[in-house]
Amino acid sequence: MGFMEGIIKKFIRKSLIDARFEKIDKETKEKALKNIENPSELTKGEKDAIYKKYIEEHFDEEVEESLKKMKAGLPHSSMIPDMIYDNMQCRKFLKKFNSTENTLKRSNMLKGFFKHIGKNVFIETNFKCEYGYNISIDDDSFMNADCMILDNAEVTIGKNCWFGPRCELITAGHPIQYRERRNMNTCSIDKPIRIGNECWFGASVIVLPGVTIGNNVVVGAGSVVTKDVPSNTVVCGNPARPKKQLDPYVEDEVEEGEPKHLNEKLFKGSSSSPVPKIVVSSSSTSTTDESRLSCTINDESGERAKCYFYVFIISYLLGRDKSLLNTISFQKIPSVGIPTKTKRKLSCIRM
């Protein structure tokens, strides 16, 4: 523990003890006065001093008990100094993360911040979370702008999961009984969220605490997922309900000889075939309208595959980040720069 970290945690601890004293309940008062002779003869000031001393002596025990209850998904206190400090550090990191324009740099910043991050994971700006270290995201997953993960409990996201703008994964909850909610020892309930592979979440989807989502699941925009979702299912609505069954999910399904990750095929190529060409086209009337954009990968054999996951590349080409121009060479383009026309067709290949 560093010098400043120690000072900050001591200040947080003192503040929480003061807050605990301000909202002391009847049960705690009785415990504090249990071994005191003639407590009725004590003045209010003398009783308050005993209450505060009792809270200070038992504060660390309460914190340990709260941590155990939190991991078990039981009602617990949110007054945990280390976690409050961790949340402060998380906010500092996110301020820097969200002010970084380069998507590749942002992706690298997440290594060591999340519990686990796989290959080719990209998260757009204005991302929010509570701690970061409770989040695991596997390969080739993408989160669009303004997504939020309240990772008071663990959040696990599988491979090739896509999240539209403003999606929220919420692990934190509270008791429905108001007396438990206002009791600082039982005010929070945290339950993990688990998401399988190959899932697509439309814009503004909310996933509530304790939900497990299987593989190959599509959640319609604006849905609120309150219960577990089985694999190979389309769900929509509030609360989200099954609407359609999908083809069974086959894990790690790739053609023979093909790279496992789409990025490897897109950028690295192989000794027997050249790096594929990316053809980007737009018919939108606004340079910020990504809803009509598509990215088509043309390989040597002429096969095509729609690649909406790589819409962030198009964003770069539309001028959101000039730094990508340093790693892309344009073919048959009159001028290399940020395109300004609304109708365009660009061909580019990785150097």
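**Exercise 1. Which residue is the bridge partner of I137 in β7?**

Solution. The model is predicted, so local features need pLDDT of at least 70 and side-chain atom pairs count only at pLDDT 80 or more, while totals for chains, interfaces and linings use all residues. Residues are numbered from 1 along each chain as its sequence is written, and side-chain values use heavy atoms, with hydrogens and water left out.

Step 1. Find the strands (DSSP runs of E, at least two residues, numbered from the N terminus; helices are runs of H or I, at least four residues). β4 covers residues 135-137 and β7 covers residues 155-157.

Step 2. Check the pairing (DSSP must find at least two bridges between two strands). β4 and β7 pair in the parallel sense over 3 bridges.

Step 3. Read off the partner: I137 bridges to I157 in β7.

**Exercise 2. Place β4 and β7 in their sheet.**

Solution. Step 1. The strand order is β1-β4-β7-β12-β15. The sheet is open, has 5 strands and shows parallel pairing.

Step 2. Locate the edges. These are β1 (116-117) and β15 (212-213), each pairing on one side only.

**Exercise 3. Trace the mixed sheet.**

Solution. Step 1. An open sheet of 7 strands runs β2-β5-β8-β13-β16-β18-β19, with mixed pairing. β2 (122-123) and β19 are its edges; each has a single partner strand, so one side of each lacks a neighbour in the sheet.

Step 2. Take the parallel pairs, among them β5 (residues 142-143) with β8 (residues 162-163), over 2 bridges. Here F142 has W162 as its bridge partner. Another is β16 (residues 217-219) with β18 (residues 233-236), over 3 bridges. V218 stands opposite V234.

Step 3. Turn to β18 and β19 (residues 241-245). They pair in the antiparallel sense over 4 bridges. V235 bridges to P242. The hairpin has 4 residues between its strands, and G237 takes a positive phi near 105°.

**Exercise 4. Describe the packing of α1 and α4.**

Solution. Step 1. Two packed helices are described by the angle and the distance between their axes.

Step 2. The axes of α1 (residues 3-22) and α4 (residues 81-98) come within 9 Å and cross at roughly 125°. The helices are therefore oblique to each other. (Under 35 degrees is roughly parallel, over 145 roughly antiparallel, 65 to 115 roughly perpendicular, and the rest oblique.)

Step 3. List the contact (heavy atoms within 4.5 Å). α1 supplies E5, I8, K9, I12, R13 and L16; α4 supplies P81, D82, I84, Y85 and M88.

How values were computed:
Axes are lines fitted to C-alpha atoms, for helices over the stretch in contact, and angles run from 0 to 180 degrees between N-to-C directions.
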